[in-house]
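Student: Please take a close look at a single part of this model and describe how it is built. After that, place it against the rest of the chain.

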Amino acid sequence: MLSGYLRNQCYEETIELFELMGVSHWGLDSYSCNFVLKACMELKDYERGREVIKKAVDRRVDGDRFLGSTMISFFMKFGEFDSARRAFNRMVERDVVCWNSMIGGYVKGYYYDQAFDLFLEMILCGVRPSAITMVSLVQACGGMRNLERGKCVHGFVLVFGMGTDVLVLTALIDMYSKMGEHERARLVFDIMPAKNLVSWNAIISGYVQNCLVHESFSLFQELVLTCGSFDSGTIISLLQGCAHVADLESGKVLHGYIFRRGLDMNLILCTAMVDLYSKCGALKEATFVFDRMKDRNVITWTAMLVGLAQNGHAEDGIKLFGRMQEEGVVANSITLVSLVHCCAHLGSLRKGRSVHARLLRHGHTFDVVNRTALIDMYARCGNINYAERVFEDGSFKDVISWNSMITGYGMHGQGHKALDIYCRMLEEGLEPNQTTFVSLLSACSHSGLVERGRSLFLSMEKDHNIKPTEKHYACYVDLLSRAGHLEEAEALVKQMPYQCRREAFEALLSGCRMHRNIDIGTKTADYLLSLDATNPGIYVTLSNIYAEARRWDAVDHIRGLMRRRGLKKTPGYSLIEVGKQLHAFFAGEESHPNSDEIDQILENLKSELEASGYIPDTSCVLRDVDEAMKIKSLWRHSERLAIAFGLLRTPEGSLIRITKNLRVCSDCHTVTKYISVVVKREIIVRDANRFHHFVNGKCSCNDYW
């Protein structure tokens with residue numbers, strides 16, 4: 001009866017019958033204890049399992065090899081390795097199954113050395129290992145990442161005559177693949193006399209793990225021709241490979257295979273498809289798969305959220321998280337880190353703090369990834385002091401954490417602090433990487449530290465053996481261009497040891513606009529347009545250079561080119577978070593529900609600022625209209641609308657935070673300094689380049705941006 005209940009998965013009935021046997025004083029033997037202990041394991045019922053073992057020990061039937069093996073498995077399942085070893089030592093007779101239970105349990109518990117010690121003891125006792133023994137040892141080598149020991153185990157496999165065992169050889173394929181030895185894995189695969197689908201999946205997965213995605217597809221084609229069949233495990237590996245290299249077309253082909261072959265659209269397969277489409281930027285397809293899933297777990301939700309965050313759809317990401325909460329799915333640390341990135345992108349400090357609090361409340365480990373995400377979020381949301389606190393609270397910091405803090409200081413125009421923390425990093429023995437120097441050069445650029453930037457650029461290869469990339473050259477060109485060293489910047493771009501120099505030329509073009517250099521600006525724009533004639537940003541910058549020089553005929557020509565080529569200028573907008581809502585304002589907008597009140601506030605401000613000495617700089621208006629129209633246009637810039645709304649809807653004296661998608665114009669910069677004095681408020685504006693902290697008529701950038 002006990003055996004019948006167990007075979008039919010009636011685990012509770014198995015235990016109840018066993019308890020009835022005890023009450024009725026029926027004899028309990030090793031077989032009955034063995035059956036019921038297996039039922040307890042299936043139910044993960046530790047307490048009742050211990051009671052069964054106690055009864056077996058009391059009746060001295062625990063030395064039986066069948067029950068002993070089950071007892072070992074029970075103890076191993078609940079992490080009681082010492083108890084398992086004691087049970088093993090008490091056994092009168094041990095067969096290979098008992099030894100395998102112990103060795104396999106040690107491997108699953110990551111006690112790899114104990115597993116190998118026991119294996120040697122097993123050999124000395126004259127017990128011949130089975131295929132299961134060798135599979136456990138191969139898995140141990142993979143877990144240890146110990147290639148030499150793995151080769152030794154491979155040797156034992158051959159010595160014991162298991163060189164044709166599919167189970168063992170498949171484990172070897174997996175082990176070699178995990179250690180980057182894909183050629184050895186392929187050799188093992190090729191010598192297999194009989195291959196099953198598990199073997200094919202192991203080698204395909206191994207190729208994907210080693211970034212050999214094209215080769216994995218060749219193997220897949222061979223599998224289809226040889227066996228004519230595959231399963232969801234095969235497709236999942238291939239989808240992961242496509243996601244890794246962002247191969248959208250191959251991913252779509254696999255999606256077609258799934259439907260044509262009628263594969264079961266299980267949770268793991270659908271999640272892999274969501275992940276693929278998200279990483280390839282195909283959010284429409286990702287959403288299509290996601291919305292049609294019957295079951296979704298936290299990994300699925302996180303894959304979709306990561307996709308939205310990484311593809312610039314931060315607001316949609318936050319909405320998705322709201323849906324996730326409504327459905328009662330508990331977020332993990334990866335979900336919350338992705339949400340932190342969404343908050344950083346939107347500049348939403350309130351939401352970012354809320355996520356930080358959630359991480360603390362739910363006891364998520366504050367590892368380097370979490371801390372770095374929070375440092376980045378606080379810096380991008382304008383609170384560099386909080387970013388510092390998170391950074392200093394971390395007991396362990398890797399180079400990514402230091403880079404994140406350097407970047408934060410750079411964004412806030414605190415170049416000297418960025419350099420100081422770089423010196424601290426070197427003192428603590430950490431070696432900078434390529435990203436470190438990108439962050440440092442950017443920080444120097446935003447603070448006008450030309451000489452320090454020069455020395456850092458030269459020190460990369462000289463002191464740290466880091467060859468400057470195109471990105472480093474672009475940052476150095478930006479540093480020189482902002483400071484007005486346009487001829488030197490132009491010469492540097494021409495000397496770059498790279499064929500494609502787009503980023504560097506774009507930095508030079510921006511500098512030409514800033515310093516109104518038509519000659520270099522025109523040449524630079526011509527070169528950029530020869531690379532990409534469909535980039536509207538180049539036309540707009542060149543048009544602005546001509547407009548600032550009052551070359552209206554050239555402006556009309558450039559704008560005509562844009563119209564004929566169907567190109568449009570990116571509209572300027574500013575975001576402000578009030579309460580729990582994010583409000584967006586576009587330049588010249590009059591459709592906001594509070595538009596009349598905003599206009600009144602701006603009119604009052606205009607009068608007060610002019611009385612305080614503010615004079616509009618109409619050279620910022622790059623249109624050929626009269627002065628009155630230019631002044632009116634300036635007062636409809638998006639950041640002024642957002643500031644006025646902030647004055648209307650936030651408590652008196654509170655800080656106002658604005659996020660703008662484009663660079664702040666010089667007149668808006670000036671007017672915001674005046675506003676900070678008149679309204680006695682601190683105003684933080686994050687534009688496309690950096691942060692501006694306006695307090696008492698001064699800006700943290702010292703008018704250098």
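Tutor: The domain assignment divides part of the protein into domain 1 (397-455), domain 2 (469-569) and domain 3 (573-699); such bounds come from an automatic or database domain assignment. The part taken here is domain 3. The model is predicted, with local features requiring pLDDT of at least 70 and side-chain atom pairs pLDDT 80 or more, while totals for chains, interfaces and linings use all residues. Residues are numbered from 1 along each chain as its sequence is written, and side-chain values use heavy atoms, without hydrogens and water.

A UniProt record, an unreviewed entry, lists "domain: DYW" at residues 613-705. UniProt positions follow the numbering used here, feature names are shortened, and annotations may be inferred rather than shown by experiment. Over residues 613-705 the chain is 35% helix and 17% strand, where helices (H or I, at least four residues) and strands (E, at least two) are DSSP runs numbered from the N terminus. The C-alpha atoms at the ends of this span are 23 Å apart.

Strand β3 (residues 656-660) is a useful starting point. Four of its five residues are buried, so the strand is largely enclosed by the rest of the structure. Buried means under 20% relative accessible area, exposed over 50%, and partly exposed in between, with a 1.4 Å probe and protein chains only. Two strands count as paired if DSSP finds at least two bridges between them. Strand β1 (residues 573-578) pairs with β3 in the antiparallel sense over two bridges, and serine 574 stands opposite lysine 660 of β3. Strand β4 (residues 683-686) runs parallel to β3 and is joined to it by four bridges; here isoleucine 656 stands opposite isoleucine 683. Helix α38 (residues 666-678) completes a right-handed β-α-β unit with β3 and β4. Right-handed means that, with the strands pointing away from the viewer, the path from the first strand over the helix to the second runs clockwise.

Now the packing. A nonpolar core is a set of buried Ala, Val, Leu, Ile, Met, Phe, Trp, Tyr and Cys residues joined through side-chain atoms within 4.5 Å. The largest one has 204 residues, of which Phe220 and Ile235 touch the most other members. Helix α21 (residues 333-346) supplies the largest share of this core, eight residues. A second, separate core has 32 residues, including Cys620, Ala644, Ile683 and Phe694. Ile683 is thus named twice: as a member of that core and as the residue of β4 opposite isoleucine 656.

As for the neighbouring domain, ten residues of domain 2 are in contact with eight residues of domain 3, contact meaning heavy atoms within 4.5 Å. The centres of domain 2 and domain 3, taken over C-alpha atoms, are separated by 28 Å.

Elsewhere in the chain, the unreviewed UniProt entry places "repeat: PPR" at several spans, among them residues 165-199 and 398-432. Residues 165-199 are 74% helix and 0% strand, with end C-alpha atoms 11 Å apart. For residues 398-432 the figures are 74% helix, 0% strand and 10 Å. Leucine 187 is found in helix α12 (residues 182-191) and is exposed, with a relative accessible area of 57%. Leucine 28, in the loop between α2 (11-23) and α3 (30-43), is buried, with a relative accessible area of 7%.
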